[in-house]
Amino acid sequence: GIDNAHCNYDFESYNEVARRLVLLNSNIKVFPYYNTTRRFNIINSGTDFNDAWYLRDLNGNLVYDDGAPDHQYYDLSNADYRNWVVNFISTWVNQAPFAGIALDDANPQNLQSWKDKIGNTKANAWNAGRVEFVRQVKEALGSKLVIYNGVSRNTFTGDAYTEYLDNNSADGALNEFYCYNRNSGEFLPKSWIAGDTNFMKDYGETKGKILLQKVNLNPYLRKHPDAPLPSEAKKIYISRFCLAAFLLLQQQFA
């Protein structure tokens, strides 16, 4: 996947990277980034975006991501917005040799807190619109792949968000909390690491889905300003430990 802030969010730069990479390796799969729920102020996502498509609270104020005042939430319950963005994504993905689209932040929000902020009816409609959005993207892209970020790290206890995989709205998912909690600076419990690995194997083999595991080393300082920053030596240690755990568990579940 190409980073969300690549070349200051310039979309043609994404396209050029995809063309170059595919020329180097025709088997590579390149995905551009799109955030499912939030619009970054700086992002160049089309000149015809309608401000009426932003989510508003019960007092009519824009709803922002906590800790990120420049990230406004889309109103995913708005069918006009969904139709616009699905067309935008479909057009973009077909401008270059992309394998599909990588959708970030596709899991549901904490609906209880949202019910207090935007009301019960709107919160439920927003959540339903989020599911419909991913389904519409997959329908529009056809044979191209839809990968989403939102699989819970605690898959061992059954908390993984797999709705898109189960209803075939997505071809794969990313777990960006594999093995290590970047915000607490601690490794995850062994049972969680084993559960995530087994979950990956199960969905890959039984349902033919793509499951990607990612170890984030640096904390998300915007929301966790007091999180410990790992040294370069610790980053190497974390990387080697998590890779070794993954390889050993792959053998165990083989």
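In this predicted model, the buried residues of helix α2 are covered by elements that include α1 (11-24), β1 (33-35), β5 (100-104) and α4 (120-141). The residues under that cover are Tyr81, Arg82, Trp84, Val85, Val86, Phe88, Ile89, Ser90, Trp92 and Val93. As for its length, α2 runs over residues 79-93, and at 1.5 Å a residue its 15 residues should span 21 Å; the C-alpha atoms at its ends are indeed 21 Å apart, so the two values agree. At the start of the helix, Asn78 puts a side-chain oxygen within 2.9 Å of the backbone nitrogen of Asp80.

Aromatic rings come up again and again here, with the count of pairs reaching 23. Take Tyr74 and Tyr81: their ring centres sit 4.7 Å apart and their planes meet at 20 degrees, and since planes under 30 degrees apart count as stacked, this pair is stacked. Both of these tyrosines, Tyr74 and Tyr81, are buried. They also belong to a cluster linked by ring pairs, along with Tyr14, Tyr34, Phe49, Trp53, Tyr54, Trp84, Phe88, Trp92 and Phe98. One member of that cluster, Phe49, has company of another kind, as Arg39 lies over the face of its ring at 4.1 Å from the centre.

Then there is helix α6, residues 190-206, where 17 residues reach 24 Å from the first C-alpha to the last, close to the 24 Å expected at 1.5 Å a residue. Buried along α6 are Ile193, Ala194, Gly195, Asp196, Thr197, Phe199, Lys201 and Tyr203. Just past the helix, Gly208 adopts a positive phi of about 65 degrees.

Technical notes:
Residues numbered from 1 in each chain as written. Predicted model: local features only at pLDDT ≥ 70, side-chain atom pairs only at ≥ 80, totals over all residues. Heavy atoms only, no water. Helix = DSSP H or I, 4+ residues; strand = E, 2+ residues; numbered from the N terminus. Expected span 1.5 Å × (residues − 1). Buried < 20%, exposed > 50% of the residue type's maximum accessible area, 1.4 Å probe, protein only. Contact = heavy atoms within 4.5 Å. Polar contact = N/O pair within 3.5 Å; in protein donor to acceptor, adjacent residues only side chain to side chain. Phe/Tyr/Trp six-rings, centres within 6.5 Å; stacked < 30°, edge-to-face > 60°. Lys NZ or Arg CZ within 6 Å of the ring centre and 35° of its normal.
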